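Welcome! Take a moment to look over the sequence and the 3D view, then try the short exercises below.

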Amino acid sequence: MATKPMAIKPMTAKTRPNSTSLAGEEQGAMNTQADGLDRIVDQWRQQGVTNDLIPMAVLGRIARLTKYIEVVLLQCHGEFGLGQGEFDVLATLRRSGEPFTLSPSQLYQSMMLSSGAMTSRLDRLENKGLLERAHSKEDRRAVHVSLTAEGKALIDKALPQHIQCQSALLAGVSAEDRPMLLQILKSWLNQFEPQ
């Protein structure tokens, strides 16, 4: 299915003349434009803060990027009638393979959600007819969550647009830099999720 290209509004930034801030140290020749985080770091430097502010700049940028990512993906998923987090539930079931069935605990562990948040999402998706819950034949206490035919059709239709949105979000990172960014983020995530 052909999908329309996703337009992402770039952040505006002013060129920074002769700044001695952290931005020059961390950006080098790659980017000579100041952004909001450069200005925040500059303000702290002007107030006499001499601590290492690279973590502040890095985490601040990640927080800002996260906001853009969330808005774009929410809009993307909304085109298919899916609310926040609903795409993730359907995608998790879909990528699990035939018979596209998992337990609620497998779902919320995979998605790093509380059981209450997962139950709410499952209720909404079940009401939309996109998944169904059934008690296990072997153990009536166990519940299995499965994609319906309609749910599978919808996630198969939404996935190409989702991938296109992700590609558009990453357009500001060159093909040469992507493997390095991927490895940096993977190593960093390992601090919290050791393999």
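Here are three exercises on this predicted model, each with a worked solution.

**Exercise 1.** Find where D38 and R61 sit in the chain, and decide whether they are buried or exposed.

*Solution.* Start with the contact: the side chains of D38 and R61 form a salt bridge, 2.8 Å from N to O. Next, place the partners: D38 belongs to helix α2 (residues 36-46) and R61 to helix α3, 23 residues apart, so this pair links distant parts of the chain. Then check the surroundings: both D38 and R61 are buried. Finally, widen the view: D35 joins D38 and R61 in a network of salt bridges.

**Exercise 2.** Work out which parts of the chain the salt bridge between K128 and E86 ties together.

*Solution.* First, the closest N and O atoms of K128 and E86 are 2.6 Å apart. K128 is in the loop between α6 (115-127) and β4 (131-135), while E86 is in helix α4 (residues 86-95), so the bridge ties together parts 42 residues apart in sequence. Now compare accessibility: K128, at 35%, is partly exposed, whereas E86, at 2%, is buried because buried means under 20%.

**Exercise 3.** Describe the salt bridge between K152 and D156 and its place in the chain.

*Solution.* Begin with the distance, which is 3.0 Å from N to O. Both residues lie in helix α7 (residues 149-169), four residues apart, or about one turn of the helix. Last, look at accessibility: K152 is partly exposed at 26%, and D156 is partly exposed at 33%.

Terms used: Residues numbered from 1 in each chain as written. Predicted model: local features only at pLDDT ≥ 70, side-chain atom pairs only at ≥ 80, totals over all residues. Heavy atoms only, no water. Salt bridge = Lys/Arg side-chain N within 4 Å of Asp/Glu carboxyl O. Helix = DSSP H or I, 4+ residues; strand = E, 2+ residues; numbered from the N terminus. Buried < 20%, exposed > 50% of the residue type's maximum accessible area, 1.4 Å probe, protein only.
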